[in-house]
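Hi,

Here is the structure I promised to pass on. Have a look at it first, and then read my notes below.

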Amino acid sequence: MNAATRPMPLEITRANEWDVRIRWSDGHDVVYPARYLRTRCCCAVCTAVADIPADQDIHPVGIHAVGGYAIQFEWSDGHRAGLYSYDYLRGICPCPECVRPQSSG
């Protein structure tokens, strides 16, 4: 998929106090649970740890755009090192349509 056809976020907001909602340019509208996002941080510190501890009450206290390609969260546990590229976020979409096994047919 080239950059011209790659879905881009049109809107990044909170779905509630904890979770993050992203509305994509191709019409996909997804709620990413905060704990799900925190445990998928791909910064150097988190990738070196086998199991990222994230309690049930973890939530973003800040969401910041980074250029035109990523967002950075400030988490309630004090972590803020990870960048979540738009491609990465789309690739880890937790909705049933995206996590459903693709048929080979």
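**Tyr 88 and its surroundings**

Tyr 88 has a relative accessibility of 25%, so it counts as partly exposed. Keep in mind that this is a predicted model, so please read everything below in that light.Tyr 84 sits at the other end of the scale: its relative accessibility is 1%, under the 20% limit, which means that it counts as buried.

**The aromatic cluster**

How many aromatic pairs are there in the model? The count comes to three. In one of them, the ring centres of Phe 73 and Tyr 84 are 5.0 Å apart and the planes stand at 80 degrees, so this pair is edge-to-face. It ties together distant parts of the chain, since Phe 73 belongs to strand β5 (residues 70-75) and Tyr 84 to strand β6 (residues 83-85), with their positions 11 residues apart in the numbering. Phe 73 and Tyr 84 are both buried.

Tyr 84 also pairs with Tyr 88: here the centres are 6.2 Å apart and the planes are at 50 degrees, so the pair is tilted. Taken as a group, Phe 73, Trp 75, Tyr 84 and Tyr 88 make up one aromatic cluster.

**The three-stranded sheet**

Now to an open sheet of three strands, which has the order β1-β2-β3 and antiparallel pairing. Its edge strands are β1 (9-14) and β3 (29-32), each of which pairs on one side only. On average, neighbouring strands of this sheet are turned by 20 degrees against each other, with direction ignored.

On one side, β2 pairs with β1 over five bridges, in the antiparallel sense, and a hairpin runs from β1 to β2 through five residues. Glu 11 stands opposite Arg 23 of β2.

On the other side, β2 (residues 20-24) and β3 are antiparallel too, with four bridges. Which residues of β3 are the bridge partners here? For Ile 22 the partner is Val 30, and for Arg 23 it is Asp 29. The hairpin of β2 and β3 has four residues between the strands, and Gly 27 in this hairpin has a positive phi near 95 degrees.

The side chains of β2 are worth colouring by face. Val 20, Ile 22 and Trp 24 are on the covered face, while Arg 21 and Arg 23 are on the uncovered one. Trp 24 has a charged partner as well: Arg 90 lies over the face of its ring, 5.3 Å from the ring centre.

**The chain as a whole**

Stepping back, the chain has four helices and six strands. Going along the sequence, they follow the pattern β-β-β-α-α-β-β-β-α-α. The chain has 105 residues, and 33% of them count as buried.

For the contacts, take those between residues at least 6 apart in sequence: 38% of these join residues at least 24 apart. As for the surface, the chain exposes about 6,300 Å², with 52% of that supplied by carbon and sulfur atoms.

Cheers

How values were computed
Residues are numbered from 1 along each chain as its sequence is written. This is a predicted model: local features need pLDDT of at least 70, side-chain atom pairs count only at pLDDT 80 or more; totals for chains, interfaces and linings use all residues. Side-chain values use heavy atoms; hydrogens and water are left out. Helices (H or I, at least four residues) and strands (E, at least two) are DSSP runs, numbered from the N terminus. Buried means under 20% relative accessible area, exposed over 50%, partly exposed in between (1.4 Å probe, protein chains only). Contact means heavy atoms within 4.5 Å. Accessible areas come from the Shrake-Rupley method with a 1.4 Å probe; for residues, only the protein chains shown count as cover. Two strands pair if DSSP finds at least two bridges between them. Axes are lines fitted to C-alpha atoms, for helices over the stretch in contact, and angles run from 0 to 180 degrees between N-to-C directions. Rings of Phe, Tyr and Trp (its six-membered ring) pair if their centres lie within 6.5 Å; planes under 30 degrees apart count as stacked, over 60 as edge-to-face and the rest as tilted. A charge sits over a ring if NZ of Lys or CZ of Arg is within 6 Å of the ring centre and within 35 degrees of the ring normal.
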